[in-house]
Amino acid sequence: MLYGRTQPKRRYWAVGRQYDNTHPEFDYLIPLYQAAGAITDVKRQVQTPKNQPWTIELGPPFQGAEVRTRAADDVTKLGSWSVDGILLCEAALVEEEAWKRLFGRVSNRRGWIWASGTFERQRGDLWYQRLYHDWKIPGRSGSSFSIPTWDNRQAFPGGEDDPEIARLREENSESRFLERYAGVPVKSSLLVFPQYNPDVHITTVAYDPARPVELAIDPGY
């Protein structure tokens, strides 16, 4: 995902609510960049101070590019720099304001944001779940998809029928299993129409002036 940006002075962030939320993704990047030849001296190019941002200074073929971790628990600190790309780690744990500020960070360089993580423990107004559904609709500014745990055939060779997946299903409530392991956002019980599914109920059609367009609005009270 961070490949292909060969110009110097490129800046990328791995952002989480706290620094600890970014460390797994950061650790995954190191062997990838080593395989690409961009990290040849880990002690010199990779810095991992305690309770501080971790950084990777990349060499050829990405000479001058930098990867840095950032914490989003204080959104006022998500500033100062324009960024070429952002990995938002455990996105459900950050506030919607952090998401909006990160968009501002990448706008100047026409950068990208990759938000990942389960839907558990969402903060605020369930913005992450709303974004997932919104980006399922064709023509939106982004796209969304989910990957169930059992798609990892190295860990679960039996796929959805793997005995360990069956055990997880048995030991968890249906809603928790869907949200934690199936990658399916669980809808609020307060929704008027919880059966709504953008994949089913929204489609793109050509406008026909011979057919009237009707709109009904529920005022909510």
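Two residues are in contact when they have heavy atoms within 4.5 Å of each other. The structure described here is a predicted model of a protein chain. The chain has 221 residues, of which 37% count as buried. Its secondary structure comes to seven helices and six strands.

**Overall layout**

- Read along the sequence, the elements of the protein chain follow the pattern β-α-α-β-β-β-β-α-β-α-α-α-α.
- Among contacts in the protein chain with a separation of 6 or more, 62% are between residues 24 or more positions apart.
- The protein chain exposes about 14,300 Å², and carbon and sulfur atoms supply 51% of that area.

**Nonpolar cores**

- In soluble globular proteins, nonpolar side chains tend to be buried together.
- The largest nonpolar core here has 22 residues. Those that touch the most other members are Val 15, Ile 86, Leu 88, Trp 99, Leu 102, Ile 113 and Trp 127.
- Two strands, β1 (11-16) and β5 (85-88), each supply at least two residues of this core, and so do two helices, α3 (96-107) and α4 (127-134).
- A second, separate core has 17 residues, including Trp 54, Ile 56, Leu 58 and Phe 62.

**Contacts of Val 15**

- Neighbours within four places in sequence are left aside in this list of what Val 15 touches.
- Val 15 is in contact with Ile 86, Leu 87, Leu 88 and Cys 89, among others.
- Its other contacts are Thr 22, Arg 70, Ala 72, Leu 78 and Leu 102.
- Val 15, Ile 86, Leu 88 and Leu 102 are also among the residues that touch the most other members of the largest nonpolar core.

**Aromatic rings**

- The count of aromatic pairs comes to 12.
- In one pair, the rings of Phe 119 and Tyr 128 have their centres 5.2 Å apart and their planes at 35 degrees. Planes under 30 degrees apart would count as stacked and over 60 as edge-to-face, so this pair is tilted.
- Phe 119 has a relative accessible area of 6%, and it is therefore buried, the cut-off being under 20%.
- Tyr 128 is buried too, with a relative accessible area of 9%.
- Phe 119 and Tyr 128 belong to one aromatic cluster together with Trp 99, Phe 103, Trp 127, Tyr 132 and Trp 135.
- Trp 99 and Trp 127 of this cluster are also listed among the residues that touch the most other members of the largest nonpolar core.

**Arginines over rings**

- Arg 70 lies over the face of Trp 13, at 4.4 Å from the ring centre. Arg 70 is also one of the contacts of Val 15.
- Arg 180 lies over the face of Tyr 181, at 5.5 Å from the ring centre.

How values were computed: Residues are numbered from 1 along each chain as its sequence is written. This is a predicted model: local features need pLDDT of at least 70, side-chain atom pairs count only at pLDDT 80 or more; totals for chains, interfaces and linings use all residues. Side-chain values use heavy atoms; hydrogens and water are left out. A nonpolar core is a set of buried Ala, Val, Leu, Ile, Met, Phe, Trp, Tyr and Cys residues joined through side-chain atoms within 4.5 Å. Buried means under 20% relative accessible area, exposed over 50%, partly exposed in between (1.4 Å probe, protein chains only). Helices (H or I, at least four residues) and strands (E, at least two) are DSSP runs, numbered from the N terminus. Rings of Phe, Tyr and Trp (its six-membered ring) pair if their centres lie within 6.5 Å; planes under 30 degrees apart count as stacked, over 60 as edge-to-face and the rest as tilted. A charge sits over a ring if NZ of Lys or CZ of Arg is within 6 Å of the ring centre and within 35 degrees of the ring normal. Accessible areas come from the Shrake-Rupley method with a 1.4 Å probe; for residues, only the protein chains shown count as cover.
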